[in-house]
Amino acid sequence: MRRVTALAAVALLALSGRAHGNPLTMYGSGARGVGMGGAQTAASRDSSANFYNPALLARLPHLEIDVGYRLTLPDLRLNDHSLGVDSTRGTRMSLAMPGQLGGVHLATGLSVYLPDQQLTRIRSLSQEQPRFALYDNRAQRIFLGVNLAVAIGDKLSLGAGLGYLTATSGSVTLLGRVGFPDAADSDLRLSMDVDVKRLVYPSLGIAYQLRPWLRVAGAFRGGLQPITDLSVDIQGDIGSAQRDPIVEDAAVHLRTVSLSHFQPAEFCLGLEARISSRLTLASDLALHRWSKFRNPAALLESELELGEFNEFLKVPEPLLLAATSYHDILIPRMGLEWLAHSSARRDVHTRVGYSYEPSPAPEQIGVTNFVDNDKHTASLGAGLTMREFGPFLSPLSLDASVALALLPSRSHHKLSPIDPIGDYRSSGSIWQFFMTSRFRF
Amino acid sequence: MYVALASASTACGLGLFADEGGGADNLPLRGAGPYRVQAPDFDTPADEPYVVAQPIVSLLDPAVLGDEIQGYEIFYTRIEDQSSEIWQVELPSIDQLPSSAPQPVLAADADWEQGVVASPSLFVDGEARLLYYRGGVDQRAIGRARSEGPGQPFVKDPGNPLFAGDDPFLAKSGERSFLVYCDPEHRRIYLRESEGDDEFGEAQEILARRTGSELAFDRLAVSAPALLITPTLEGSLHFGLFYAGTTRNQADEAVEAIGYVARFEGESWQRFLKGTAIVDAGPAGAGGPAPVIGVSSATLFFHQPRQGRGRIAVALAP
């Protein structure tokens with residue numbers, strides 16, 4: 001009874017959860033963590049700690065390699081019609097290497113996510129076009145994280161790491177003659193200069209073994225909003241090779257700048273309670289700083305110098321990008337793990353989890369349509385650990401989980417009668433499937 | 001040197017399988033536009049943007065039933081010499097030729113019609129079809145006829161003409177009927193409401209030509225209103241009104257353009273796109289709007305003069 005009372009008190013105070021902002025933070029990392037509702041800030045017990053809380057790497061007894069696969073099937077709807085939001089799938093690999101250095105227990109870790117479809121996806125729509133803003137780009141990009149953790153005594157662990165994302169900037173330049181009226185008569189030299197820049201954000205973690213059965217932990221993940229900056233320049237004469245040019249030294253410059261793949265800063269606190277020898281409870285609460293989310297619509301800058309043709313071209317009027325007015329959110333997560341079977345040869349775990357993610361998006365009443373809904377996610381999972389799987393791979397764990405996120409219907413009432421979109425309802429569901437194999441050495 | 005910043009759509013991806021990016025199917029829209037005129041496509045039999053055109057005769061004021069899935073039934077004013085009748089043709093899709101020969105639907109046979117029936121507006125009421133139209137030349141007035149089903153003849157209302165006016169258009173919401181029309185001189189557009197189909201109430205002026213604005217596309221006249229009524233999620237009504245405006249171009253020729261105004265019930269009308277035209281139809285202009293709003297796209301039929309006679313054309317949004 002005393003244990004339950006203390007547990008309840010800590011649960012009320014706990015502020016934790018997993019981070020959010022790249023493919024892993026959207027859907028979780030590892031089948032065990034997902035099966036427990038993502039409540040892993042204090043409860044991660046494998047190399048997925050690279051993602052949930054790097055401090056926990058220091059408590060792993062073995063070198064571990066995880067290889068897993070994730071499939072996500074969203075069915076997101078407006079007015080009960082599917083938008084056809086992409087399914088996403090990809091391979092996750094993570095590594096944890098604990099060891100001793102000068103009497104200090106250290107661990108390093110590495111986590112990689114490789115999406116199947118696109119290594120990165122950049123799509124910036126006009127701010128008026130309805131879209132589920134959190135599911136447009138973010139699930140489709142490569143992710144890399146490296147971490148270092150240290151155990152201080154028997155109870156305290158600290159961890160830190162860097163997450164790597166990318167931003168794209170570059171230009172395409174065409175120099176020469178633009179054929180007119182026959183475009184095939186063009187004589188242009190192409191040069192491209194595109195950089196995929198590295199963006200780095202920090203992640204920090206701390207864990208403390210408060211009681212033999214109770215661990216509390218906290219984690220932080222930095223936020224960022226990469227900028228995509230692309231330009232196209234065409235310079236040269238307009239005309240045919242056999243005649244004097246119609247326009248000399250014509251120039252077209254197009255540049256698009258957009259913000260995409262926003263990742264909110266995330267503050268997470270959590271606990272893990274071993275209620276009995278068979279039952280483990282995990283709980284998280286996370287703060288996601290969505291209030292920093294800026295309008296991701298693209299700005300197009302165009303400069304035209306086409307002589308007498310200038311008057312025939314309509315250059316779009318400058319548009320103002322409206323504020324998104326997103327707000328910070330608190331996400332509670334809860335998970336249970338039950339040791340269903342234990343023998344000298346194998347353990348079997350079953351897991352269940354739940355999380356509630358309130359939408360950071362306000363009702364879309366104005367010109368923007370950055371849609372999002374609250375999300376209730378329920379998950380189930382199971383894991384099999386074979387203690388003896390051969391001389392080199394011992395033991396081996398196989399985990400699988402399935403999660404269903406439900407997005408209850410939400411209405412968006414437009415204030416203006418001349419809004420070209422009008423009122424609509426948003427709703428949907430997202431199925432998520434995970435499998436992970438874990439090798440310990 | 002022109003410099004501008006504008007909102008734009010960009011997309012790119014690098015991937016193992018490079019799937020097409022999704023997430024943009026079935027986008028909702030109210031149909032206000034702006035519309036782009038259907039571009040010529042040499043792989044289709046249609047003469048884009050024209051979907052209905054005939055030699056010699058002039059086709060004006062389309063009224064459209066159907067949708068992009070079922071195909072369209074297009075009613076229009078057919079003018080040949082001094083004769084003006086209402087005809088109908090079936091169109092499988094906007095990139096196909098009509099699937100049926102044009103058929104006459106209504107001809108002038110009443111004295112008040114003065115040999116002219118024009119500006120049809122169709123409303124489907126179960127199996128039956130209500131046709132509102134304009135008759136008369138010197139004294140333009142509104143009449144109506146009823147057909148008991150597709151292919152059945154239209155029988156004119158013995159109470160015709162209903163009242164003076166031109167370019168009628170009927171819309172309904174539940175038991176409430178709304179008839180919009182313009183005055184015979186095309187100075188203003190009015191709205192009359194009825195709890196049924198028969199007794200329309202007092203006329204309310206809802207739009208006037210903008211004589212005070214040199215740049216307004218509706219400086220000389222307003223005409224051809226088309227009213228869309230949709231319930232909001234809060235249960236009130238939204239009124240969207242397409243209409244044609246007339247002004248003079250630099251050659252001092254009358255040219256039409258299509259505009260859009262809207263309001264929530266009980267509130268004032270607001271002009272879309274700051275009161276500019278919603279279709280860039282080129283120097284020939286566009287008139288007689290007939291919108292068809294789908295799940296995620298809107299099709300706007302309109303008439304456009306070409307080589308001295310009107311043709312039915314189409315524009316799309318988004």
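How many residues lie between S19(B) and S20(B) in their hairpin, and which residue in the turn has a positive phi? There are five residues between the two strands, and Asp252(B) is the turn residue, with a positive phi of about 65°. That hairpin is a handy way into this predicted model, so let us start from its sheet and work outwards.

## The sheet around S19(B)

Strand S19 covers residues 237-248 of chain B, and nine of its 12 residues are buried. On one side, S19(B) is joined to S18(B) by nine bridges, and the two run antiparallel. These two strands also form a hairpin with five residues between them. In that turn, Gly235(B) has a positive phi of about 100°.

On the other side, 11 bridges link S19(B) to strand S20 (residues 254-264) of chain B, again with an antiparallel run. If you would like to find the pairs on screen, here are three of them.

| Residue | Bridge partner |
|---|---|
| Ala221(B) | Thr246(B) in S19(B) |
| Pro231(B) | Leu237(B) in S19(B) |
| Phe242(B) | Tyr260(B) in S20(B) |

Taken together, four strands of chain B make an open, antiparallel sheet in the order S18-S19-S20-S21. S18 and strand S21 (270-271) of chain B are at the edges, each with a single partner strand, so one side of each is left without a neighbour in the sheet.

## Nonpolar cores

In soluble globular proteins, nonpolar side chains tend to be buried together. Here the largest nonpolar core has 126 residues. The members that touch the most other members are Ile74(B), Leu241(B), Ile258(B), Val279(B) and Phe302(B). Strand S18 (residues 221-231) of chain B, met above as a sheet edge, supplies the largest share of this core, with six residues. Another core lies apart from it and has eight residues, including Ala31(A), Val34(A), Ala405(A) and Phe434(A).

What does Ile74(B) touch, once neighbours within four places in sequence are left aside? Its contacts are Val52(B), Pro62(B), Val64(B), Gln88(B), Val89(B), Leu91(B), Phe301(B) and Ile312(B).

## A look at Asp67(B)

Asp67(B) belongs to strand S5 (residues 58-67) of chain B. Is Asp67(B) buried or partly exposed? It counts as partly exposed, because 13 C-beta neighbours lie inside 10 Å and a buried residue would need 20 or more. Not counting residues up to four places away in sequence, Asp67(B) touches Val292(B) and Gly294(B). The C-alpha atoms of Asp67(B) and Pro92(B) are separated by 9.3 Å, although the two residues are 25 apart along the chain.

## The two chains as wholes

Chain B has zero helices and 24 strands, and buried residues make up 42% of its 318 residues. Its C-alpha atoms fill a box of roughly 70 × 45 × 45 Å along the principal axes. A compact globule with 318 residues would have a radius of gyration near 20 Å, and chain B agrees, with 20 Å. Of the chain B contacts between residues at least 6 apart in sequence, 46% join residues at least 24 apart.

Chain A has four helices and 21 strands. Of its 441 residues, 45% count as buried. For chain A, 70% of the contacts between residues at least 6 apart in sequence join residues at least 24 apart.

## How far to trust it

The model scores ipTM 0.85 and pTM 0.84. Chain B averages a pLDDT of 89, with 93% of the residues scoring at least 70. Among its elements, strand S12 (residues 155-156) of chain B has the highest mean pLDDT, 96, and strand S1 (residues 2-8) of chain B the lowest, 39. Residues 1-18 of chain B have a pLDDT below 50, and this stretch has 58 contacts in the model beyond near neighbours in sequence.

For chain A, the average pLDDT is 86, and 89% of the residues score at least 70. Over residues 1-21 of chain A the pLDDT is below 50, and that stretch has 57 contacts in the model beyond near neighbours in sequence. Where pLDDT is low, the predicted coordinates should not be read in detail.

Technical notes:
Residues are numbered from 1 along each chain as its sequence is written. Chains are lettered from A and ligands numbered from 1 in the order in which they are written. This is a predicted model: local features need pLDDT of at least 70, side-chain atom pairs count only at pLDDT 80 or more; totals for chains, interfaces and linings use all residues. Two residues are in contact if their C-beta atoms, placed from the backbone, lie within 7 Å. A nonpolar core is a set of buried Ala, Val, Leu, Ile, Met, Phe, Trp, Tyr and Cys residues joined through C-beta atoms within 7 Å. pLDDT is the predictor's confidence in each residue, from 0 to 100. Two strands pair if DSSP finds at least two bridges between them. The radius of gyration is taken over C-alpha atoms; the globule rule is 2.2 Å times the number of residues to the power 0.38.
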